[in-house]
Amino acid sequence: MSEMAKPIFVLNGPNLNMLGTREPAVYGSTTLKDIEGKCHDTADELGLSVDFRQSNHEGDLVGWLQEANSAACGVVLNAAAYTHTSIALYDAVKGGDIPVIELHISNVHAREPFRTHSYISPVATGVILGFGTAGYPLAIRALKGLIEKQ
């Protein structure tokens, strides 16, 4: 199977299932279901497909990152709070051989000091943050460019 025939995994971490109601001043009113629709629309436009997932459990995210190495052409990872705490996610991204874009809806550098540290950034291919939910389509477009260069 060619790389472009494989989907892009869009992986979302804890509490992102609460988008639309959780801290709307920070995250806006867009729901995760709305974001999923935008991701599918962007992928369709680019001739790609998306496998969109969310879990509040770190182990699910680790397993999906491992699965992505054989089943996906790239990953958009919004690890949410696990970004700042998970060495397991660091290891899963580092152990992979496909591009991973770290994504944050908010500008984490303009928030609480503990949010400025990322275990993911040093091993991610790139980072997109602070563009709100528009970051998801940006990340999918960036992945397409990266995959085409491979």
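This is a selection-by-selection tour of a predicted model, starting at the sheet and ending at three loop residues.

**The sheet**

Select the strands first. Five of them, in the order E2-E1-E3-E4-E5, make an open sheet with parallel pairing. The edge positions belong to E2 and to strand E5 (126-129), each of which has a single partner strand, so one side of each lacks a neighbour in the sheet. From one strand to the next the twist averages 20°. As background, strands in a sheet pair through backbone hydrogen bonds, in either a parallel or an antiparallel sense.

**Strand E1**

Now select residues 8-12, which are strand E1. E1 is mostly covered, with 5 of its 5 residues buried. Colour the side chains by direction: Ile8, Val10 and Asn12 point one way, Phe9 and Leu11 point the other way, and all are buried.

Show the pairing of E1 on both flanks. Towards E2, 5 bridges join the two strands, which run parallel. One pair to pick out is Leu11 with its bridge partner in E2, Arg53. Towards E3, E1 is again joined by 5 bridges, and the two run parallel. Here Phe9 has Val75 as its bridge partner in E3, and Leu11 has Leu77. Leu11 is thus a convenient residue to centre on, with Arg53 as its partner in E2 and Leu77 as its partner in E3.

**Strand E3**

Move to residues 74-78, strand E3, where 5 of 5 residues are buried and the strand is mostly covered. Gly74, Val76 and Asn78 point one way from the strand; Val75 and Leu77 point the other way; all are buried.

Which strand does E3 pair with over 3 bridges? That strand is E4 (residues 100-104), and the pairing is in the parallel sense. Select Leu77 and Glu102 to see one of the bridge pairs between E3 and E4. Then trace the chain from E3 through H4 to E4: this β-α-β crossover is right-handed.

**Helices on the sheet**

Add helix H3, residues 58-71. H3 lies across E1, E2 and E3, and its direction is at about 175° to E1.

Next, add helix H4, residues 87-94, beside H3. Two packed helices are described by the angle between their axes and by the distance between those axes. For H3 and H4 the angle is about 5° and the axes are 9 Å apart. Angles under 35 degrees count as roughly parallel, and H3 and H4 are therefore roughly parallel to each other.

To see the contact itself, select Glu58, Leu61, Val62 and Leu65 in H3 together with Ala88, Leu89, Ala92 and Val93 in H4. By class, the contact has 7 nonpolar residues, 1 charged residue and no polar ones.

**Ser55**

Select Ser55, in the loop between strand E2 (50-54) and H3. Is Ser55 buried or exposed? Ser55 has a relative accessible area of 4%, and the cut-off for buried is under 20%, so Ser55 counts as buried.

Show what surrounds this residue. Apart from neighbours within four places in sequence, Ser55 is in contact with Asn12, Gly13, Pro14, Asp60, Leu61 and Trp64. Among these, Asn12 is one of the buried residues of E1, and Leu61 is one of the H3 residues that meet H4. To place Ser55 relative to Ile8, draw a C-alpha to C-alpha distance: the two are 17 Å apart in space and 47 residues apart in sequence.

**Two positive phi values**

The last two stops concern backbone angles. Most residues other than glycine have a negative phi.

Select Asn15, in the loop between E1 and helix H1 (24-27). Asn15 is not a glycine, yet has a positive phi of about 70°. With 35% relative accessibility, Asn15 counts as partly exposed.

Finish at Ala80, in the loop between E3 and H4. What is the phi of Ala80? The value is near 55°, which is positive in a residue other than glycine. Ala80 has a relative accessibility of 14% and counts as buried, whereas Asn15 is partly exposed.

Technical notes:
Residues numbered from 1 in each chain as written. Predicted model: local features only at pLDDT ≥ 70, side-chain atom pairs only at ≥ 80, totals over all residues. Heavy atoms only, no water. Axes fitted to C-alpha atoms, helices over the stretch in contact; angles between N-to-C directions. Helix = DSSP H or I, 4+ residues; strand = E, 2+ residues; numbered from the N terminus. Parallel < 35°, antiparallel > 145°, perpendicular 65-115°, else oblique. Contact = heavy atoms within 4.5 Å. Nonpolar A, V, L, I, M, F, W, Y, C, P; charged D, E, K, R; others polar. Buried < 20%, exposed > 50% of the residue type's maximum accessible area, 1.4 Å probe, protein only. Pairing = 2+ DSSP bridges. Right-handed = clockwise from strand over helix to strand, strands pointing away.
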